[in-house]
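Colleague: May I ask for a close look at the salt bridges in this model, pair by pair? Please say where the partners lie and how far their side chains are exposed.

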Amino acid sequence: MREKKIGILCLQETHLTQEHENQINALYSRRLKILNSRDEERPSTSAGVAFILNRELTNTDNIELKEIIPGRALALKTQWHNNDELNILNVYAPNDPTKHSDFWKQITDAWTERDARRLDIMLGDFNLTEDPLDRAPARTDNETAIEALRDLRDKLNIHDSWRKTHPDSRLFTYYSNMNSYSRLDRIYSSPAHDQSLHDWSSCTSAIPTDHRMLLVRYAPPKMPHIGNGRWSWPLGHINDKTLITKMSNLGSIAQLRIERNLPNPTEENDPQSIWEDFKTKIRQESPFSEFHPSQTDSPE
């Protein structure tokens with residue numbers, strides 16, 4: 001989550017027992033907030049969905065959690081920026097296509113009963129594709145299951161955001177041992193967010209799994225720009241005497257240049273330009289330097 005700067009990570013098939021959840025919280029609670037929904041009968045072997053919130057990037061206060069189907073459908077409401085609310089539904093659909101009709105109807109009924117609030121994003125492992133293009137070799141999935149999912153999409157006013165902007169492309173997230181590929185993992189959103197979803201991609205997660213991780217950046221047009229953060233040296237360089245000597249010499253040269261040009265600075269030798277040149281040179285001397293986001297650089 002740190003490397004990819006993930007604010008909210010949505011997981012499916014977590015198989016987390018309460019004991020495992022407590023262990024994870026004990027290790028990572030300073031940086032992460034874990035919200036898990038487990039299968040009530042077989043928590044360690046079946047289903048499970050979870051939200052992992054990055055405390056460094058997201059607001060973890062005043063959140064609301066609603067368990068719609070234990071281990072299968074979990075809803076999160078959070079304040080994303082100022083007083084803006086973001087409602088996310090994390091789902092893990094059944095493998096059996098004959099169970100999809102009841103599954104999607106149960107979610108639809110539960111959501112429409114929740115004070116009719118807008119669903120902003122629905123995402124997860126759908127164990128179903130709506131378009132033959134999302135399978136290789138191409139084939140059509142169970143029509144009854146597809147219709148049940150489309151009925152939910154129509155009633156909750158969400159659509160396949162990636163497919164809308166990539167009508168002829170393929171982005172597979174699952175590979176089976178039957179030599180077939182599919183896009184089982186998807187992100188649906190309200191049409192109101194069409195201009196807010198950017199930088200779609202998929203990657204292999206650090207933890208081995210048979211699914212690829214799907215990523216998208218949520219950045220509403222009115223949000224402030226977030227930069228790379230503050231540049232800093234790795235702490236190990238503090239003890240590198242040779243490097244410290246080089247930095248000191250470069251700093252002395254920059255200071256002399258500034259003092260010499262103070263009476264009549266030119267565009268190339270004004271203090272700001274000399275300072276920027278000094279920073280560029282010390283970065284070149286320290287190739288493993290990195291950027292660290294600060295609180296002021298992070299969305300709220």
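Modeller: E56 is a suitable place to begin: this residue is partly exposed, with a relative accessible area of 34%. Here buried means under 20% relative accessible area, exposed means over 50%, and partly exposed covers what is in between, using a 1.4 Å probe and protein chains only. The model is a predicted one, in which local features need pLDDT of at least 70, side-chain atom pairs count only at pLDDT 80 or more, and totals for chains, interfaces and linings use all residues. Residues are numbered from 1 along each chain as its sequence is written, and side-chain values use heavy atoms, with hydrogens and water left out.

The partner of E56 is R31, and the closest N and O atoms of this salt bridge are 3.4 Å apart. The term salt bridge denotes a side-chain nitrogen of Lys or Arg within 4 Å of a carboxyl oxygen of Asp or Glu. The pair links distant parts of the chain, 25 residues apart: R31 belongs to the loop between helix 1 (18-28) and strand 2 (32-37), and E56 to the loop between strand 3 (49-54) and strand 4. Helices (H or I, at least four residues) and strands (E, at least two) are DSSP runs numbered from the N terminus. Like its partner, R31 is partly exposed, at a relative accessible area of 23%.

A further salt bridge joins R217 to D199, with 3.2 Å between the closest N and O atoms. Because R217 lies in strand 14 (residues 213-218) and D199 in strand 13 (residues 197-203), the pair ties together parts that are 18 residues apart in sequence. R217 is partly exposed at 48% relative accessibility, whereas D199 is exposed, with a relative accessible area of 55%.

Within a single helix, the side chains of K281 and D277 form a salt bridge at 3.3 Å, N to O. Both residues lie in helix 6 (residues 271-285), four residues apart, which is about one turn of the helix. K281 has 35% relative accessibility and counts as partly exposed; D277, at 29%, is also partly exposed. Elsewhere, salt bridges that share partners join E130, E147, R150 and R153 into one network.

As general background, side chains of opposite charge can pair when their charged atoms come close. For the whole structure, the search finds 20 salt bridges, among them the R31–E56 pair, the R217–D199 pair and the K281–D277 pair.
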